[in-house]
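Reader: I am new to this structure and would like a close look at one part of it. Please take a single helix and follow its contacts outward to the rest of the chain.

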Amino acid sequence: MSRRSRLAPALGLLPFLAYLTVFLLVPTVTVVIGAFQEDGRFSMTNVEALFGETARRTLWNSLVLSGSTAVIGATFGAILCYLVVSAPPTSIFRRAVMSVAGVLAQFGGVTLAFAFIATLSFSGVVTELLRDSVGVDVFGSGWLFGLPGLILVYTYFQIPLMVIVFLPALEGLRPQWREAAVNLGATTRQYWTQIAIPLLWPAFLGASLLLFANAFAAYATAATLVSQGQPIVPLLIRAALTSEVVLGRQNFAFALALQMIVVVAVVMTAYALLLRRTSRWLR
């Protein structure tokens, strides 16, 4: 086989490699270099600023937002996956849930924020209905436009994403394993606690980590919903780049972006390891 024929299959990867270079490698290198520069010179000022009160509080808020929505989304998404798997493959319920999950998992950004504003804001449809009918003001002091509101809105697309990610693992549980356990005298509880859950646990943790990374990096929904303040890291990056009060903070934005890259890289590495372990019994 000639050298040209051996290289021919690899040529199909060139567009993908070009895409990774332009949209992943170049931005990452730019962020890393910018985080350690100040006025064109090497400096640790921006990285040291990450340990300031504002940056630490914002990072903590992002971790709370991502962690809480990942736990809620993973829990309810796993329950919904179990109901889907329990239904017949051709049932209307199963097809409807999968169709809705596929749509809602991608329903985010400005559209999702506007939907919740129109529903639960001060003059939202549900707020006005409850206020006029039972005298309950669900809007309260404006929780929708803070961290509690972001948790609710993010959970809206985290649950369907969990359904899409975790369903293949549940479907990978072979009926023969349960039949063998029953033949050996195992109860339903013993099957789930000693066989099914230990097998599903790495996939569940991996899907939860994916939800965490998804929420940690989300920007458009929070940027539309929160107009004042920077409760999470992406909004603090926006403030550092566009603030008219404090100018020249673009390198601090690079440092914040580097912080996000490190967090997401750690999470996705753990996800890849868990996915590799899960793939052993899904084959």
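Author: What follows starts with the whole chain, turns to helix α6 and its partners, and then goes on to some other parts.

The model is predicted. The chain has 13 helices and two strands. Along the principal axes, its C-alpha atoms fill a box of roughly 80 × 70 × 30 Å. Of the 283 residues in the chain, 37% are buried. Among contacts with a separation of 6 or more, 68% join residues that are 24 or more positions apart.

The part to look at closely is helix α6, which covers residues 109–120. Two packed helices are described by the angle between their axes and the distance between the axes. For α6 and helix α7 (residues 125–133), the axes cross at roughly 15 degrees and come within 3 Å. An angle under 35 degrees counts as roughly parallel, and α6 and α7 are therefore roughly parallel to each other. On the α6 side the contact involves Ala118, Thr119 and Leu120, and on the α7 side Val125, Val126 and Thr127. By class, these residues are four nonpolar and two polar, with no charged residues.

Thr127, one of the α7 residues in that contact, can be followed further. Thr127 has a relative accessible area of 0% and is therefore buried. A polar atom of the Thr127 side chain lies 2.9 Å from the backbone oxygen of Ser121. Leaving aside neighbours within four places in sequence, Thr127 is in contact with Thr119, Leu120, Ser121 and Phe122, and also with Val136, Asp137, Val138 and Phe139.

Helix α6 has another partner in helix α8 (residues 147–171). The axes of α6 and α8 are 11 Å apart, and the helices pack at an angle of about 125 degrees. That makes α6 oblique to α8, and the crossing is right-handed. Leu112, Phe116 and Leu120 of α6 make this contact with Leu152, Val153, Tyr156 and Phe157 of α8. The residues of this contact divide into seven nonpolar, no polar and no charged. Leu120 of α6 thus appears in the contact with α7 and in the contact with α8.

A further link to α6 comes from Thr224, a residue of helix α11 (residues 220–225). Not counting residues up to four places away in sequence, Thr224 touches Val110 and Ala113. Thr224 and Ala113 are 111 residues apart along the chain, yet their C-alpha atoms are separated by 6.2 Å. The side chain of Thr224 also reaches the backbone oxygen of Ala220 at 2.9 Å. Thr224 has 30% relative accessibility and so counts as partly exposed.

Beyond α6, another threonine can be set beside these. Thr69 is found in helix α4 (residues 53–86). With a relative accessible area of 0%, Thr69 is buried. Its side chain reaches the backbone oxygen of Leu65 at 2.8 Å. Not counting residues up to four places away in sequence, Thr69 touches Ala74, Ile151, Tyr154, Thr155, Gln158 and Ala215.

Helices α9 (residues 175–183) and α10 (residues 188–217) form another packed pair. Their angle is about 140 degrees, and their axes are 10 Å apart. Helices α9 and α10 are therefore oblique to each other, and their crossing is right-handed. From α9, Trp177, Arg178 and Ala181 meet Thr188, Tyr191, Trp192, Ile195 and Leu199 in α10. The contact of α9 with α10 has six nonpolar residues, one polar and one charged.

Helix α12 covers residues 233–242. Seven of the 10 residues of α12 are buried, so this helix is largely enclosed by the rest of the structure. The buried residues are Val233, Pro234, Leu235, Leu236, Ile237, Ala239 and Ala240.

The last stop is a loop. Asp39 is found between β1 (37–38) and β2 (41–42). Most residues other than glycine have a negative phi. Asp39 is not a glycine, but has a positive phi of about 60 degrees. Its relative accessibility is 63%, so Asp39 counts as exposed.

Note on methods
Residues are numbered from 1 along each chain as its sequence is written. Side-chain values use heavy atoms; hydrogens and water are left out. Axes are lines fitted to C-alpha atoms, for helices over the stretch in contact, and angles run from 0 to 180 degrees between N-to-C directions. Helices (H or I, at least four residues) and strands (E, at least two) are DSSP runs, numbered from the N terminus. Angles under 35 degrees count as roughly parallel, over 145 as roughly antiparallel, 65 to 115 as roughly perpendicular and the rest as oblique. A crossing is left-handed if the near helix is turned anticlockwise from the far one by less than a right angle, and right-handed if clockwise. Contact means heavy atoms within 4.5 Å. Ala, Val, Leu, Ile, Met, Phe, Trp, Tyr, Cys and Pro count as nonpolar, Asp, Glu, Lys and Arg as charged, and the others, Gly among them, as polar. Buried means under 20% relative accessible area, exposed over 50%, partly exposed in between (1.4 Å probe, protein chains only). A polar contact is a pair of N or O atoms within 3.5 Å; within protein, one must be able to donate a hydrogen and the other to accept it, and residues adjacent in sequence count only if both atoms are side-chain atoms.
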